[in-house]
Amino acid sequence: MNKQRQYVFFLGHSFALAKKEIICLLEQEKIGYQEFLATDKLFGIEVKKTLPVDEWQKRLGGTVKIGAVAAEFFKDEVLEKIQEYLIGVAEKSSESSAVRSPGQPIVGSIKSDKSNRGTKDGKFKFSLNSYGAIGSDKILALGLKIKKALQAKGKSVRLVTSKTDQLSTVAVVKEGLLKTGADLTITAVGSELYLIKTIAVQDFADYSFKDYARPSIDSKSGMLPPKLAKLLLNLVGLNKEHVFLDPFCGSGTVLQEALLLGAKEIIGSDISPVAIKDSKSNLAWLKENYQDLIWPKVTLLISSAQELTKHLAENSVDRIAFEGYLGPSITLNVKQAENVSLELKNLYNVVFKELAKILKTGGKGIAVLPIINKQPIFDLNAFKISGLVQIKLAANPRGSLIYAREGQRVEREIFLFTKV
Ligand SMILES: C[S@@+](CC[C@H](N)C(=O)[O-])C[C@H]1O[C@@H](n2cnc3c(N)ncnc32)[C@H](O)[C@@H]1O
C-alpha cells in the first residue's frame, strides 16, 4: 500500500479515549482502515484514501499530532542503516524543494543555498523522537551522527533536541519543523522499525485561548478541558443536522465546542442561574472571537436536569453530551463520600429517565460521571430503568472509559448510550 496513506496518530494522555475518538470519526466518515500499529501512545492505520490531516487534527480533541510513515526497517539492521535512510529522506526533500512551485510548502527541505532559506539562520532543522524503539541516550547519538553526516555533505543543519524521548508539539511548531524542517519519530512494530514524519500538530495555542481567555471561569464546579469536550462530541457523532443538548452546561465548555463543530440547534441548561449567566457571556465571547462561525439557534435555560420535560418536548433532541454534577468540591470522609454517592446515584437514575424522553429514537448521548475516591457512582441499572441502551466504549464490565489525571480525587467515567 502507498506509504503516504499510512497514518500514525500520536495520542494524548487518555490513550483509550483518543483512539476511540479516531475510530468513531473513521466510522462516521465511512473510511475503511487497517490497524498496523497500536501502542499506548500511537495508533497507526492504513487507509485507501488520503486523509485531510489538517482538518482531522483540528477536529480531534485527543490527538496531539499526526504523522505519515516515511520508511520501514528491520530491527536487526544497524543504526547506521537508519541514519543512511534519514539522510536519503532529507536529501530527497531538499531536491523536491528546489523545484517546488510558488506557494508550495517546503516541508523537510535542506537549505544550504542562502537564497532558499526557510529559517532565520538558514539551517535545516530536524528532530528525532523515539517511541519504544531506541533509548533516549541512543536516539540523541543517532541524531548527532545524522547531523554530522549531513554537515559533511555541506549542509547547514541543526538537530532540535529535547530532555525527554519526544519533542513537545509546542517545540515542533516554535522551531518551524512542520514548515521548514522535519520532526521524525522512530517506533518499533514487532521486528520492524517505522520512521514517521509529523505532518500536523494540535493547535495548542487555540485550546489554551479557549480555556483561559473566555470571560467566565467557574473553578468551583469545575470546567471540562475543551479538548475533552470536543472528544465527547466526536464520540457521540455530533453533526450539522443535529439538535444538541447539554443538560448540565455549567459555564458552557461543551456548548462552545458544539458550536465550533457545528450543529443545527444548541440547547444548554443548568440548575444554577449563575452557570447560565456564565454560559451566556462565554458564548458571546466565542461569537466575537470566532467570527467565521455559522451561528445556529441557541437556547440557554435554567432548569434542573430532572425536570427538563417542563421545557423541552419529548423526542426533540438528536445528541446529548454532558459532564454531570460531580459532587461537592471538597475532600470527603468515608461517610460523606457514601452519602454523596447515594445522592448522585439517585439523581442520575431520575436524570436518565428524563433524558430518555427528550432524546429522539436513534439519538445518542454521552455522559461524564464521577468516580469518587475510586468508587464509581453511576448505577448501570439507570439504563434499564430509563429504557436507554448502553453502547459499550470498552470491553470492561462497565463498558466505560476513564478520564483521569494523576492524583485527582474525582475521576471521570464516560458512558455512551442510545435510544432504540
Ligand atoms: C461539573 S459542572 C459542569 C461543567 C461544564 N461541563 C463546564 O465545563 O463548564 C456541573 C454543573 O451541573 C450543575 N448542576 C448540579 N446539579 C444539577 C441538576 N440537578 N440539574 C442541572 N444542573 C445541575 C451545576 O450547577 C454545574 O454547573
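Two strands count as paired when DSSP finds at least two bridges between them. Keep that in mind as we walk through this predicted model.

**Stop 1: the whole protein**

Show everything as a cartoon. You are looking at 12 helices and 17 strands. Of the 420 residues, 42% count as buried. Now think about which parts of the chain meet: among contacts with a separation of 6 or more, 72% are between residues 24 or more positions apart.

**Stop 2: an open sheet**

Next, select the open sheet of eight strands, whose order is 2-3-1-4-8-7-5-6 and whose pairing is mixed. Which strands sit at its edges? They are strand 2 (33-38) and strand 6 (157-159), and each of them pairs on one side only. Going from one strand to the next, the twist averages 30°.

Zoom in on strand 2 and select strand 3 (residues 42-47) as well. In which sense do these two strands pair? They run antiparallel, joined over five bridges. For one detail of this pairing, pick leucine 37 and look across to glycine 44 in strand 3, which stands opposite.

**Stop 3: helices on the sheet**

Stay with the sheet and add helix 1 (residues 15-28). This helix packs on the sheet, where it touches strand 1 (6-11), strand 2, strand 3 and strand 4 (63-74). Compare directions here: helix 1 makes about 140° with strand 1.

Then select helix 4 (residues 136-152), which also packs on the sheet. Its partners are strand 5 (124-131) and strand 6, and its direction makes about 175° with that of strand 6.

**Stop 4: around the ligand**

Now show the ligand and the 22 residues around it. Which of them come nearest? Look for Gly250, Thr253, Ser272, Ala305 and Tyr325. If you color this shell by class, you will find 10 nonpolar, nine polar and three charged residues.

**Stop 5: a loop with positive phi**

Finish at the loop between strand 13 (359-372) and strand 14 (375-376), where you can select asparagine 373. Its phi is positive, about 45°, although this residue is not a glycine. Asparagine 373 counts as partly exposed because it has 16 C-beta neighbours inside 10 Å.

Move on to lysine 374, also in the loop between strand 13 and strand 14. Here phi is near 70°, again a positive value in a residue other than glycine. Is lysine 374 buried or exposed? It has 8 C-beta neighbours inside 10 Å, so it counts as exposed; the cut-off for that is 12 or fewer.

Methods. Residues are numbered from 1 along each chain as its sequence is written. This is a predicted model: local features need pLDDT of at least 70, side-chain atom pairs count only at pLDDT 80 or more; totals for chains, interfaces and linings use all residues. Helices (H or I, at least four residues) and strands (E, at least two) are DSSP runs, numbered from the N terminus. A residue is buried if 20 or more other C-beta atoms lie within 10 Å of its own, exposed if 12 or fewer, and partly exposed in between; C-beta atoms are placed from the backbone. Two residues are in contact if their C-beta atoms, placed from the backbone, lie within 7 Å. A residue is near a molecule or strand if its C-beta atom, placed from the backbone, lies within 6 Å of it. Ala, Val, Leu, Ile, Met, Phe, Trp, Tyr, Cys and Pro count as nonpolar, Asp, Glu, Lys and Arg as charged, and the others, Gly among them, as polar. Axes are lines fitted to C-alpha atoms, for helices over the stretch in contact, and angles run from 0 to 180 degrees between N-to-C directions.
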